Every structure is written in structure tokens, then in C-alpha cells.
Amino acid sequence: MTLNYMALAVPVFLFFIGLEYVMSKRLGKNVFNFNSSLANMNVGVAERLIDLFTAGGFYFFYDYLHQHFAIFDIKPSILLWIALMLATDLLWYWYHRFGHKVNLFWGFHVVHHQSEEFNYTAGTRITIFQSVVRTAFWAILPVIGFPAPMITTMLIIHGLYPFFTHTQLIGKLGILEYILVTPSHHRVHHASNEQYLDKNFGDMFIIWDKLFGTFAEEKEEAVYGLTKQLDSYSFLWQHFHYLVELRYAVKNQTGFVNKIKMIFGSPADFDPALRGLVEKKFLSKNRVRTSSQKFRHYVLGQFIVMVTVLFFLLLFEHQTDNFLQTMVALFILITLINCGAILEQRRWVFYLEFVRGCLVIITTFYYYPHPTIIASLILLIVASLAYFSSLQKQYLQLVYGR
């Protein structure tokens with residue numbers, strides 16, 4: 001049996017998040033917020049899930065470029081592994097810097113900076129959009145001559161390191177501060193303090209920031225998040241709000257040249273008033289008014305089940321067919337949207353529960369098309385539709401309390 005051992009990254013990351021939580025409590029530091037931490041990890045779950053369908057594509061993209069356009073035929077050696085590490089991090093620096101300086105790229109990268117808390121859960125806020133954009137930057141590596149196996153191995157290492165820089169529990173690290181990106185350096189990068197904006201873009205090595213003039217030392221306490229906080233735990237809105245704002249900004253421009261300038265302009269020149277306008281248009285204000293915390297327990301339960309399912313889906317990736325992978329992926333994505341909507345106490349979450357139920361029914365029908373099962377499933381659907389309003393009311397009372 002062939003197992004995908006990359007699935008072990010899921011429990012490993014959760015272990016360190018739990019360890020940081022326990023240590024923060026012992027040190028008396030309040031660095032975790034339930035809603036924010038769950039929203040952060042939901043973004044990470046989505047990235048791990050979609051990576052199931054895209055990782056192979058990235059590998060073949062690098063392999064195709066290497067086979068057809070490689071300038072040199074590089075063979076693995078210690079010096080060339082070091083060269084690859086430095087080249088990977090240098091390209092990351094410029095990808096990262098463009099991600100903060102260009103509106104379109106910021107629309108993909110902003111998700112990573114939305115968290116108003118700074119801990120290991122914030123390190124999981126990586127989206128598939130970011131993966132696609134940075135792959136375009138890293139495409140130069142196979143063209144230089146680095147083979148795809150070397151590149152993918154290095155990217156795994158390069159992807160693990162920055163997770164551990166997202167913490168407030170580790171202070172300055174002496175001589176390492178001059179070479180590596182440390183938690184102190186990365187706290188500066190995630191801060192919304194004016195003197196910290198657009199600083200410390202490096203991922204593993206801080207030398208690029210010092211070389212290109214974007215370094216800032218941590219001196220005063222950081223305020224984390226965006227300069228204009230998002231104030232939303234919605235999974236979809238966190239991913240797409242800036243792109244929606246950008247669309248309206250482009251629409252308000254006259255002339256093709258001005259529209260292009262807006263797309264590739266700087267977020268620093270972006271009109272912050274657009275946030276309020278698009279929120280009024282797209283964000284429903286229809287929330288449940290409750291002082292109960294029951295919904296948090298339900299969200300936590302969903303998250304535990306969802307992460308468990310994700311782990312086994314990734315672990316047994318090569319033993320499951322495409323249909324099951326697709327249906328489980330859709331179920332998890334609907335659950336992520338559901339969790340974000342519940343954290344915001346939305347009333348329409350019951351519709352998502354209905355969709356999840358339909359996914360289970362379709363999957364059951366696909367694998368067990370027995371007449372008795374089909375009849376039972378049809379009866380269940382009819383009964384649900386007939387008593388939809390009553391079921392919705394009871395569901396909202398169960399989740400949010402009276």
C-alpha cells in the first residue's frame with residue numbers, strides 16, 4: 001500500500017499550534033483568539049485540500065520547463081543544493097515584495113495578513129492563489145537547469161521554515177538575527193505600524209532585505225493585521241474581498257490605460273472607502289443575535305472532524321478514486337464556508353447544511369445504488385423539503401441557542 005506521508009504535515013502543524021497555545025497560557029500571554037485562530041486554520045485546511053489536486057501539476061510544470069528550456073544540466077551536489085536554496089529564497093523575496101506593491105498580487109496575498117493575532121495559526125494562512133503566483137516566479141529555476149525533483153524537495157523545506165517564524169513567544173535570537181528571518185523579523189513584517197509597513201520580505205534569509213533596503217528592526221510592539229482591518233471571519237470574503245474591491249476600482253476608472261494602472265498600481269494608493277461600499281453590497285447584515293457560545297462548540301467539532309477527514313484523504317490519496325476525492329473535497333470546502341458563516345452568526349448556514357447532506361446522499365447513491373437505499377434517500381429529501389422551515393428553525397436554535 002502506497003501512502004502519502006506528506007499528510008503527516010497536518011498533525012505536525014496542529015501539534016506545534018497546540019504546544020504554542022499551552023506555552024502561551026503558562027507564560028500568561030494572550031496570543032490566541034478562538035474565532036480568529038479557527039478562521040486562520042480554515043484557510044490552511046483549504047490550501048492543503050486544494051494542494052491534493054494541484055501539487056502534481058506544479059511538478060509537471062517544472063519538469064516540462066526543465067526538459068524543454070533548461071540552459072544548464074544541473075546535477076545534485078552540496079554546493080548546488082545551497083545555490084538552489086539561495087536562489088529559491090531570492091525569488092521568494094521578489095515575489096513577496098511584488099505581492100505587497102502590486103494591487104493584483106496583493107489581492108492574492110492579502111489573505112495571509114488579515115489575522116489580527118500573530119501565532120502559528122497565522123502561519124497556516126496560505127492560499128492556492130499565492131501558490132500559483134509564486135510558481136510563476138519560481139519557473140526560472142528549471143529554466144536555469146535545476147531538475148523538478150530538486151525544486152520540489154527544496155520547496156517543501158522552504159515551505160516548512162516560515163511556519164515557525166509566526167510566533168510572539170520567541171524573542172530575538174542573537175547572531176541568527178543577522179542571517180535568518182527570525183520571529184522578531186517576521187513580527188515586523190506582519191505589523192500594521194506605519195514604520196513597519198512593507199518591510200522584511202525575506203522567507204528564510206534576512207540578507208535580501210538588508211541588501212535591497214527593506215529591512216526594519218523590531219523596536220516597538222507590533223499591531224497585527226491590515227491597516228484597515230477586515231473585521232470578518234467569512235471564508236469566502238477573506239479570500240475575495242480585495243479582488244472585489246479592485247474590480248470596482250477598475251470599473252470607476254476611465255480609459256484602458258487608467259484601468260491597467262489601477263490593476264498594477266500600488267495598494268498604498270488604493271481608496272480605502274471602497275471597502276465599506278463593497279461590504280454594504282455583498283455582506284449580509286442578517287445575523288443571529290445571541291449571547292450564547294454554543295456555536296463555537298459546534299464549529300470546533302466540525303473543524304476536528306474536517307481535519308481528521310482531510311488527514312486520511314491525503315494519507316490514502318493513492319487508494320481513493322477521483323469521484324470520492326472530489327466529493328470529500330467539496331464536503332470540506334462547504335464545511336469551511338459553513339464554519340466561517342457560523343462564526344459570524346449568519347442565519348443562512350442551514351442552507352449549507354442542506355448542501356452537505358445532498359453531497360452525502362449523492363456519494364452514497366454512487367457507491368450503493370440499491371433500490372432500497374435509493375428509495376430511502378428520496379424519502380429523506382422529500383421530508384427535508386416538506387419540513388424545511390421547521391428544521392431550519394430548530395437547527396438555528398440548536399446551533400446558536402435561544
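This report describes the overall build of a predicted model, its nonpolar core and several individual residues.

**Overall build**

The chain contains 17 helices and 0 strands. Its radius of gyration is 23 Å, close to the 21 Å that the globule rule gives for 402 residues, so the chain is as compact as a globular protein of that length. Taken along the principal axes, the box filled by the C-alpha atoms is roughly 65 × 60 × 50 Å.

Of the 402 residues, 48% count as buried. The accessible surface of the chain comes to about 20,600 Å², and carbon and sulfur atoms account for 67% of that surface. Among the contacts with a separation of 6 or more, 78% are between residues 24 or more positions apart. The chain carries 32 positive and 26 negative charges, and the mean positions of these two groups are 9 Å apart.

**The largest nonpolar core**

In soluble globular proteins, nonpolar side chains tend to be buried together. In this model, the largest nonpolar core has 46 residues. Within this core, Val-45, Ile-332 and Ile-342 touch the most other members. Six helices are named as supplying at least two residues each: α1 (9-26), α2 (34-69), α13 (294-315), α14 (322-343), α15 (349-367) and α17 (388-400). Helix α14 gives the most to the core, with 11 residues.

The surroundings of Ile-332 can be given in detail. Not counting residues up to four places away in sequence, Ile-332 touches Val-45, Leu-49, Met-306, Val-309 and Leu-310.

**Residues in helices**

Thr-335 is found in helix α14. With a relative accessible area of 2%, Thr-335 is buried, because the cut-off for that class is under 20%. Leaving aside neighbours within four places in sequence, Thr-335 is in contact with Gln-302, Met-306 and Arg-356. Val-355 stands 20 residues from Thr-335 along the chain, and the C-alpha atoms of the two are separated by 9.9 Å.

Glu-353 belongs to helix α15. At 15% relative accessibility, this charged residue counts as buried. Its contacts, not counting residues up to four places away in sequence, are with Tyr-298, Gln-302, Asn-338 and Tyr-395. Gln-302 therefore appears in the contacts of both Thr-335 and Glu-353, where contact means heavy atoms within 4.5 Å.

Ser-24 lies in helix α1 and counts as buried, at 1% relative accessibility. Leaving aside neighbours within four places in sequence, Ser-24 is in contact with Lys-29, Val-31, Phe-32 and Leu-169. Ser-24 and Asn-119 are 95 residues apart along the chain, while their C-alpha atoms are separated by 9.9 Å.

**Residues in loops**

Phe-164 is found in the loop between α7 (148-160) and α8 (183-190). It is partly exposed, with a relative accessible area of 30%. Phe-164 touches Phe-16, Tyr-120 and Pro-183, not counting residues up to four places away in sequence. Asn-119, which also served as the partner of Ser-24 in the distance given above, is 45 residues from Phe-164 in sequence and 9.0 Å from it in space, C-alpha to C-alpha.

Two further loop residues are described by their backbone angle. Most residues other than glycine have a negative phi. Asp-231, although not a glycine, has a positive phi of about 55 degrees. Its place is in the loop between α9 (207-212) and α10 (235-251), and at 67% relative accessibility it counts as exposed. Gln-345 is likewise not a glycine and has a positive phi of about 60 degrees. Its place is in the loop between α14 and α15, and at 17% relative accessibility Gln-345 counts as buried.

**Accessibility of the residues described**

The table gathers the relative accessibility of the individual residues discussed above.

| Residue | Relative accessibility | Class |
|---|---|---|
| Ser-24 | 1% | buried |
| Phe-164 | 30% | partly exposed |
| Asp-231 | 67% | exposed |
| Thr-335 | 2% | buried |
| Gln-345 | 17% | buried |
| Glu-353 | 15% | buried |

How values were computed. Residues numbered from 1 in each chain as written. Predicted model: local features only at pLDDT ≥ 70, side-chain atom pairs only at ≥ 80, totals over all residues. Heavy atoms only, no water. Core = buried A, V, L, I, M, F, W, Y, C linked by side-chain atoms within 4.5 Å. Buried < 20%, exposed > 50% of the residue type's maximum accessible area, 1.4 Å probe, protein only. Helix = DSSP H or I, 4+ residues; strand = E, 2+ residues; numbered from the N terminus. Rg over C-alpha atoms; globule rule 2.2 N^0.38 Å. Areas by Shrake-Rupley, 256 points an atom, 1.4 Å probe, with all protein chains shown as cover. Charge placed at Lys NZ, Arg CZ, Asp CG, Glu CD.
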